[in-house]
Amino acid sequence: KDVVIIISYSGESDEIITLLPSIKRLDISVISMTGNSSSTIAEESDVHLDVSVDQEACPHNLTPTSSTTVALVMGDAIAITLLNARGFTPEDFARSHPSGSLGRRLLTFVSTIMKSGNDIPIVSKETTLIDSILMMSQKSLGMVVITDNNNTLLGVFTDGDLRRVLEKNINLQNVAIKDVMIQNCKSIQPDKPALMALQMMEEFKLYSLPVVDTDNQVIGALNMQTLIQAKVV
């Protein structure tokens, strides 16, 4: 099921014409790009694509310049058409280029970069605001995650929330974190691509995200710095 794509602006390139009988004997389909639909190569092809130009960019109209650009554009058009026809996804591209920046972004999962265990800034809902701030400072993720006794996510409290609390002149010693936390907060599951976490954070203008399992129990956390260190950003 091979296909040969032939590019010859004149359509009369001797070295290519010499190959055509062998290609035909192998029953291989031929797609040609030429500037002359009446040329030998065009007529011997199963499909001919006209890449003719009115004039080359060369001031003498001799050096292939405009015509090579048209052939390049046509080649890209064929590639994108095949990509769409085969349902080729960004993940397919990433698997073919795992060490490139796109591959790294698409193949890096939340579970591989999130903070876990003692590195998660977790407090109970009864924890005072001042103690929650100390926890936030110690863990350096820009937030604390509030959970119940079963480690179920109840809410978050971030650096930005702290600034808003300070503007209200609230006594930090007398307030529990449950009274100022953000409920129904955004979270992400560990099996999601880290790129999805980045997109979520950008969309909702977040700096940090808790990571939860399918039962909404906290198992990790990450922030924008985590994504930068993983080269997802």
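## The β8–β9 hairpin

V212 stands opposite V218 of strand β9, a good place to start looking around this predicted model. The pair belongs to an antiparallel arrangement in which β8 and β9 are linked by five bridges. Five residues lie between the two strands of this hairpin, and N216 takes a positive phi there, near 65°.

Strand β9 covers residues 218–223, and five of its six residues are buried, so β9 is largely enclosed by the rest of the structure.

## The largest nonpolar core

Strand β8 also leads us to the largest nonpolar core, since β8 (208–212) is among the elements that give two or more residues to it. The others are α6 (110–113), α9 (194–203) and α10 (224–229). Helix α9 gives the most, with six residues. In total this core has 19 residues, and those with the most contacts inside it are V110, I188, L209, L222 and L227.

L209 is a handy residue to display if you want to see this packing for yourself. Leaving aside residues up to four places away in sequence, L209 touches M143, K186, S187, I188, A197, M200, M201, A221 and L222. Apart from this core lies another one, made of 14 residues, including F157, L162, V175 and M181.

## The four-strand sheet

Let us turn to the sheets. One of them is open and has four strands, in the order β4-β5-β6-β7, with mixed pairing. At its edges are β4 (122–124) and β7 (182–183), each of which pairs on one side only. Strands β4 and β5 (residues 143–147) run parallel and are joined by three bridges. I122 has V145 of β5 as its bridge partner.

Two helices pack on this sheet. Helix α7, spanning residues 129–139, touches β4, β5 and β6 (153–158), and its direction makes about 125° with that of β5. Helix α8 (residues 159–167) touches β6 and β7, with its direction at about 70° to that of β6.

## The buried side of α7

Which residues of α7 are buried? They are L129, S132, I133 and M136. These four cover an arc of only 105° around the axis, and therefore lie on the same side of α7.

What covers the buried residues of α7 includes strands β4, β5 and β6, along with helix α8. Just after α7 comes S140, a residue with a positive phi, near 60°.

## The three-strand sheet

The model also has an open sheet of three strands, ordered β1-β2-β3, in which the pairing is parallel. Why do β1 and β3 each have one side without a neighbour in the sheet? Because β1 (3–7) and β3 (47–50) stand at the edges, each with a single partner strand. From one strand to the next, the twist averages 15°.

Between β1 and β2 (residues 29–34) there are five bridges, and the two strands run parallel. Within this pairing, V4 has V30 of β2 as its bridge partner. Helix α3, made up of residues 66–85, packs on the sheet and touches β1, β2 and β3. The direction of α3 makes about 145° with that of β2.

Conventions. Residues numbered from 1 in each chain as written. Predicted model: local features only at pLDDT ≥ 70, side-chain atom pairs only at ≥ 80, totals over all residues. Heavy atoms only, no water. Pairing = 2+ DSSP bridges. Contact = heavy atoms within 4.5 Å. Axes fitted to C-alpha atoms, helices over the stretch in contact; angles between N-to-C directions. Core = buried A, V, L, I, M, F, W, Y, C linked by side-chain atoms within 4.5 Å. Buried < 20%, exposed > 50% of the residue type's maximum accessible area, 1.4 Å probe, protein only. Arc of directions from axis to C-beta.
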